[in-house]
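Dear colleague,

Please find the structure below, handed over together with some notes on its charged side chains and its surface.

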Amino acid sequence: MSEARAMLDRLVREEFGRVLATLIRVIGDFDLAEESVQDALIKAMEAWPRDGVPDNPRAWIVATARNRAIDQLRRRRRLEDRQEVIAHLTRLNLIRDPEPQMDPYPDDRLKLLFTCCHPALSLEARVALTLRTLGGLTTEQIARAFVTSRTTMQQRIVRAKRKITGAGIPYEVPGPDQLAERFGGVLYVVYLIFNEGYAPTSGPDVLRPDLAEEAIALARLLRQLCPDDPEALGLLALLLLQHSRAVARIDAEGDPILLEDQDRRLWDREAIEEGLSLVPRALGGGGPFAVQAAIAALHARAESPEDTDWVQILGLYGILQASVPSPVVALNRAVAASMVHGPSAGLRLMEPLSGTLQRYHLFHSARGELLRRV
């Protein structure tokens with residue numbers, strides 16, 4: 001792969017959400033901003049291999065996208081309605097971030113995240129729109145994640161964008177009076193994005209590290225916004241601890257490696273240490289992300305599968321099941337019970353889940369393993 005193509009791939013992976021958020025803030029038009037960024041990336045694919053990678057690749061993408069947006073606005077009818085926007089685009093230096101004293105939230109991704117996760121939108125629309133704008137996923141990829149058609153997902157995203165425009169949903173981080181009631185919903189969307197990277201619901205990939213890393217970046221932003229919120233700490237700890245095993249989770253052929261078979265020397269110790277440092281403060285709130293982070297911490301601390309404290313893990317899954325009951329949590333609790341009390345105990349707890357989780361492949365693999373052990 002050429003240097004130019006490698007640079008462009010890295011830029012798309014690491015900066016797509018930031019660049020798009022900047023354009024949306026300035027233009028106020030999701031579709032135009034997205035089209036402009038995509039056109040800029042296409043031009044980069046043509047120009048960079050020929051002319052070389054610019055000194056500031058991100059600034060090149062932003063400036064090219066801005067110019068494309070200006071051209072499109074000028075071509076539209078009722079130009080007089082757009083003159084102020086055009087003048088604003090022309091004046092504004094999009095390459096620099098706003099001065100901290102002028103804007104308490106200088107990272108545009110944070111504002112875009114709260115816009116995409118507004119409670120006026122359905123949960124699926126929030127996740128889909130966030131994946132599209134900040135995660136950089138295509139409509140096809142999002143449709144596969146939701147196990148629906150591309151047309152249905154495209155309509156869902158279009159409706160979400162129209163609702164943001166029609167309802168006048170502001171492009172901003174909500175004030176203190178609304179932040180508390182909306183914060184949990186945004187954390188949950190970031191959690192779902194990470195899950196799609198950690199264990200894609202469809203497609204050939206065993207994991208999508210780029211998506212998981214984007215979720216971690218968003219979790220860091222939310223922790224900066226509310227540094228003492230236990231669930232923000234818990235979410236970041238959980239994502240760091242889970243993602244620390246990414247390299248060890250697949251073999252050379254791209255096939256998954258079970259936790260008990262992973263080479264723990266490959267785990268990211270720096271990420272583990274950071275995650276472990278957050279868990280005690282997170283547990284003070286007792287929320288579901290904190291409890292999940294505590295479970296992940298027990299796995300991370302174990303130097304071998306035999307060292308895993310399954311008794312504590314079983315107790316934590318019991319707490320989690322009581323606070324946020326779900327079939328998947330119940331399945332994990334059954335697996336933990338099998339490690340403490342034997343496979344027959346785990347199978348008894350799994351039996352009531354056979355109908356609800358009939359189409360969940362991990363249910364069948366876990367049950368098959370316990371039957372093998374019996």
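To begin with the contact that caught my attention, the side chains of E34 and R132 are joined by a polar contact of 2.4 Å, a polar contact being a pair of N or O atoms within 3.5 Å in which, within protein, one must be able to donate a hydrogen and the other to accept it, and residues adjacent in sequence count only if both atoms are side-chain atoms. Please keep in mind that this is a predicted model, in which local features need pLDDT of at least 70 and side-chain atom pairs count only at pLDDT 80 or more, while totals for chains, interfaces and linings use all residues. Residues are numbered from 1 along each chain as its sequence is written, and side-chain values use heavy atoms, with hydrogens and water left out.

E34 sits in helix α2 (residues 30–51), where helices (H or I, at least four residues) and strands (E, at least two) are DSSP runs numbered from the N terminus. Its side chain also makes a polar contact of 3.2 Å with the side chain of K161. E34 is buried, at a relative accessible area of 5%, and R132 is likewise buried, at 12% (buried is under 20%, exposed over 50%, partly exposed in between, with a 1.4 Å probe and protein chains only).

R132 and E34 also form a salt bridge, with their closest N and O atoms 2.4 Å apart; the term stands for a side-chain nitrogen of Lys or Arg within 4 Å of a carboxyl oxygen of Asp or Glu. This pair links distant parts of the chain, R132 in helix α6 (residues 123–133) and E34 in helix α2, 98 residues apart. A network of salt bridges connects D31, E34, R132 and K161, and the count of salt bridges by this rule comes to 13.

Two further salt bridges may be worth your time. R68 and D39 meet at 2.5 Å, N to O, and they link helix α3 (residues 57–75), which holds R68, with helix α2, which holds D39, across 29 residues. R68 counts as buried at 17% relative accessibility, whereas D39 counts as partly exposed at 23%. In the other, the closest N and O atoms of D228 and R281 are 3.3 Å apart; D228 lies in the loop between α10 (209–225) and α11 (230–243) and R281 in helix α12 (residues 269–283), so the pair ties together parts that are 53 residues apart in sequence. D228 is exposed, with a relative accessible area of 63%, and R281 is partly exposed at 42%.

With best regards
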